Amino acid sequence: MIFEWKVAVRFLKEGKGQTLFILLGITVGVGVMVFLNTLITGLQDNMIDKAIGDSPHVWISGDADFYQLKDTGENSQSARGNFTVKDTSLGDWELIEEILKEREEISAISPVAEGNGFVTKSGQTSPVLVRGVDLEKADAIYKINDRLIDGTASLHGNYVIIGKELAEENEIVVNDLITIQLANGTTQTFTVSAIFDLENKSVNSSWIFMDLSRAQKLLGLRNKVSRIEMQVHDVFTAEDVMTSIANRFEGIQAENWMESNASLLTALQSQRQSSLMIQAFVLLAVTLGISSVLAVSVVQKSKQLGILKAMGTKSRSASRIFLFQGGLLGIVGSALGAGLGIGLVKGFLWGTSLKTGVPLFPLHLKAGSVIPICVLAVAACTIAAFLPARKSSKLNPVEVIRHG
């Protein structure tokens with residue numbers, strides 16, 4: 001093995017032009033793959049974060065006149081609630097919440113009591129959606145504290161938090177009093193503790209957060225909630241989590257972001273498939289280039305190979321020489337390509353931040369994505385050397401020396 005390795009290195013040194021040409025091709029190919037993979041992944045993460053990063057991924061509500069926990073053998077407890085046919089609220093939601101907390105794939109849970117109403121300030125009336133929440137639990141999903149533009153988040157007593165557009169349209173500032181009239185005719189005055197901006201005009205112009213227990217009383221829900229919202233660690237497992245929860249409880253309606261954002265999901269999948277296709281063609285081009293150059297090298301080195309065979313070198317050893325060449329070129333080229341890819345990513349971040357000081361969108365280089373590309377490139381380079389290696393093993397030393 002040491003002999004074949006030394007010969008492979010010597011052949012590469014003798015054909016410096018060819019070696020540099022192959023290394024350049026591998027470096028550019030791997031660099032493009034690393035950059036493209038990082039770019040597409042960053043773009044997808046940014047799109048997902050903008051669309052559903054601060055919103056629930058899975059949510060459940062009631063859809064029948066009763067529900068109960070299925071007996072799975074893990075927990076024999078049951079929960080029952082009284083419903084009318086049209087009632088979609090959840091009773092005994094605390095028990096459901098405790099069971100959901102045991103699921104490792106769920107990162108945040110927030111019960112919500114919501115209902116429509118109107119807010120009145122200085123004679124102006126605007127339609128709103130009252131959302132009763134536990135501030136700490138809701139903040140884990142909506143990042144309310146991070147999105148405040150004025151005031152301090154508090155839902156104690158008669159305090160509420162309203163959106164930016166709602167405040168501007170009705171000329172409301174922190175500590176102002178507003179009157180909320182609900183669909184059931186209930187009217188009550190609240191104090192604005194803070195104003196948020198969730199970067200969604202529709203939400204900012206209609207949502208009002210208030211304490212969960214207060215909203216339950218105003219909306220006549222007693223101890224029920226309208227829905228339970230959840231976030232999961234991996235957003236693309238939302239459908240599986242939803243199905244599992246739906247199978248766990250009877251009489252509930254479960255939904256997830258993948259159903260309500262079908263167009264976004266299609267765009268992400270198409271984007272990913274396009275990226276993989278481009279990377280596949282780049283890898284194919286690199287593989288064919290290496291194979292063709294090494295095939296020419298076999299012809300050029302045929303006389304040397306013939307002499308080596310005449311001196312007792314076996315055909316299998318001759319084949320390994322070119323396999324080692326392919327592997328060595330793959331290792332060096334992949335290392336250089338990874339460096340080029342990282343440089344391209346850094347250049348992209350720098351170039352897109354020149355005007356604003358902030359990159360167009362964040363890109364995160366991960367060893368878990370760069371290393372597989374390098375390993376795949378090394379494997380492809382080794383495979384590319386297979387045909388030239390096979391050709392070298394079939395050389396007849398007598399004919400090669402006579403006609404070489």
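By about how much of a helix are Lys-101 and Glu-98 separated in helix H3? The two residues stand three places apart in helix H3, which spans residues 93-101, so about one helical turn separates them. In this predicted model, Lys-101 and Glu-98 form a salt bridge whose closest N and O atoms are 3.5 Å apart. Side chains of opposite charge can pair when their charged atoms come close. Lys-101 counts as partly exposed because its relative accessibility is 47%, and Glu-98 falls into that class with a value of 43%.

The structure holds nine salt bridges, and some of them connect elements that are distant along the chain. One such bridge joins Asp-54 and Arg-147, with 2.0 Å between the closest N and O atoms. Asp-54 lies in the loop between helix H2 (16-52) and strand S1 (58-62), whereas Arg-147 lies in the loop between helix H4 (135-142) and strand S4 (148-151); the two are 93 residues apart. Are these partners buried or exposed? Both Asp-54 and Arg-147 are buried.

A further salt bridge brings together the side chains of Arg-131 and Glu-114, at 2.7 Å from N to O. This pair also links distant parts of the chain, 17 residues apart: Arg-131 belongs to strand S3 (residues 124-133), and Glu-114 belongs to strand S2 (residues 106-121). Arg-131 has a relative accessibility of 1% and therefore counts as buried. Glu-114, in turn, is partly exposed, because its relative accessible area is 24%. Through salt bridges that share partners, Glu-114, Arg-131, Arg-227 and Glu-229 are joined into one network.

Attention may now turn from charged to nonpolar side chains. In soluble globular proteins, nonpolar side chains tend to be buried together. The largest nonpolar core of this model contains 51 residues. Which of its members touch the most other members? They are Ile-60, Leu-100, Ile-162, Ile-178 and Ile-245.

Ile-60 may serve as an example of such a residue. When neighbours within four places in sequence are left aside, the contacts of Ile-60 include Leu-90, Ile-96, Leu-100 and Ile-245. Ile-228, Met-230, Ile-252 and Ala-254 are also among the residues in contact with Ile-60. The list further includes Ser-226, Arg-227 and Gln-253. Arg-227 thus appears in two settings: it is in contact with Ile-60, and Arg-227 is also part of the salt-bridge network that includes Glu-114 and Arg-131.

A second nonpolar core, separate from the largest one, has 21 residues. Among them are Leu-283, Val-286, Ile-373 and Cys-374.

Notes. Residues are numbered from 1 along each chain as its sequence is written. This is a predicted model: local features need pLDDT of at least 70, side-chain atom pairs count only at pLDDT 80 or more; totals for chains, interfaces and linings use all residues. Side-chain values use heavy atoms; hydrogens and water are left out. A salt bridge is a side-chain nitrogen of Lys or Arg within 4 Å of a carboxyl oxygen of Asp or Glu. Helices (H or I, at least four residues) and strands (E, at least two) are DSSP runs, numbered from the N terminus. Buried means under 20% relative accessible area, exposed over 50%, partly exposed in between (1.4 Å probe, protein chains only). A nonpolar core is a set of buried Ala, Val, Leu, Ile, Met, Phe, Trp, Tyr and Cys residues joined through side-chain atoms within 4.5 Å. Contact means heavy atoms within 4.5 Å.
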